[in-house]
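Hi,

Here is the structure I promised to pass on. Have a look at it first, and then read my notes below.

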Amino acid sequence: MINLRDIPCEAPLQLSFTPGRSKRLVVSLAGVGNNRRQMPPAEFARTAHWNGENNVLFVSDLSRSWLNGPGMAQFVADAVKAVAAEIDADAICAVGNSMGGTSALILASLIHIDHVVAITPQFSAKPGVVPEETRWMYFRERIADWPFPEVPDLRHTDSEITILHGGSPDELAHALRFPADAGYWHYIFPNQGHLLARNLHQEDLLAPIVTLSLLGRTLRARRAVRLAGGMSRHRFDHLHLSSHSPRRH
């Protein structure tokens, strides 16, 4: 059982914190969830807490704004810095799935994050930027201002970025818009779709990837990705382009 302490904030945000034994802080940013009338539940609780080793700050947004709500991104960034100072953190990490993955990447553009794990993040939730994307329109159409119309380019940060995408058309519409030369650890799971995180979790393959990535154990994380059926973005691009190149006669 994880004991949570609420952190004061105004709606539509909800922030809660659970302490750990180390000085590592993991920020877990929730996705859209399944009930539009309820606060999205905290995600990655056990994996992020790592049997009580990590401090975890959980972030949920009732409005589902992809951190585009008025002042929201900066408020979350300031909250992370305050908690990090409180525990004298020696490492700050962020993890999220879908909207949470996008939010984790946006957060890394505002403050220093050592390791980011973004699973099936949207490159953009703003209508029209990714014309193929038609999901979550109930929330997307209600966002009035877009300080983050797309995920910022993080190639000049010193964060270690790990991104996991499925290989379905709706996933690739976002995945292939992320820069291939940014130095991210970007993996594609050809036989998976947007439910990548859920499917890997059910097969006990998700936690090793997330945990090793958050710890910066890159080689072991890469092996865990391959075991789970993923491949590097560069390899995927090569195979994809080869399979669609004109044949010579």
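Going from the N terminus to the C terminus, the protein has 9 helices and 9 strands. Its radius of gyration is 18 Å, close to the 18 Å that the globule rule gives for 249 residues, so the protein is as compact as a globular protein of that length. Keep in mind that this is a predicted model, so please read everything here as computed from that model.

Some overall numbers next. The C-alpha trace spans about 65 × 40 × 35 Å along its principal axes. Of the 249 residues, 54% count as buried. If you take the contacts between residues at least 6 apart in sequence, 68% of them join residues at least 24 apart. On the outside, the protein exposes about 12400 Å², and carbon and sulfur atoms supply 51% of that area. As for charges, there are 25 positive and 24 negative ones, and their mean positions are 7 Å apart.

Now for the part I'd scroll to: helix 3, residues 99–108. How many of its residues are buried? The count is 10 of the 10, so the helix is largely enclosed by the rest of the structure. The buried residues include M99, the pair G100 and G101, and then T102 and S103. They carry on through A104, L105, I106 and L107 to A108. And what covers them? The cover includes helix 2 (72–87) along with strand 3, strand 5 (91–97), strand 6 (115–119) and strand 7 (160–166).

Strand 3 (residues 24–29) is also where you'll find S28. Is S28 buried or exposed? It has 1% relative accessibility, and buried means under 20%, so S28 counts as buried. The side chain of S28 reaches the backbone oxygen of E43 at 2.5 Å. Leaving out residues up to four places away in sequence, S28 touches E43 and F44, the run V56, L57, F58 and V59, and also V95.

For contrast, click on L219, which sits in helix 8 (residues 218–227). Its relative accessibility is 57%, and exposed means over 50%, so L219 counts as exposed. If you want a distance to check in your viewer, try L219 to G183: they are 36 residues apart along the chain, and their C-alpha atoms are separated by 15 Å.

That's it from me. Shout if anything looks odd on your screen.

Cheers

Technical notes: Residues are numbered from 1 along each chain as its sequence is written. This is a predicted model: local features need pLDDT of at least 70, side-chain atom pairs count only at pLDDT 80 or more; totals for chains, interfaces and linings use all residues. Side-chain values use heavy atoms; hydrogens and water are left out. Helices (H or I, at least four residues) and strands (E, at least two) are DSSP runs, numbered from the N terminus. The radius of gyration is taken over C-alpha atoms; the globule rule is 2.2 Å times the number of residues to the power 0.38. Buried means under 20% relative accessible area, exposed over 50%, partly exposed in between (1.4 Å probe, protein chains only). Contact means heavy atoms within 4.5 Å. Accessible areas come from the Shrake-Rupley method with a 1.4 Å probe; for residues, only the protein chains shown count as cover. Lys and Arg count as positive and Asp and Glu as negative; His and the chain ends are not counted. The place of a charge is taken as NZ of Lys, CZ of Arg, CG of Asp or CD of Glu. A polar contact is a pair of N or O atoms within 3.5 Å; within protein, one must be able to donate a hydrogen and the other to accept it, and residues adjacent in sequence count only if both atoms are side-chain atoms.
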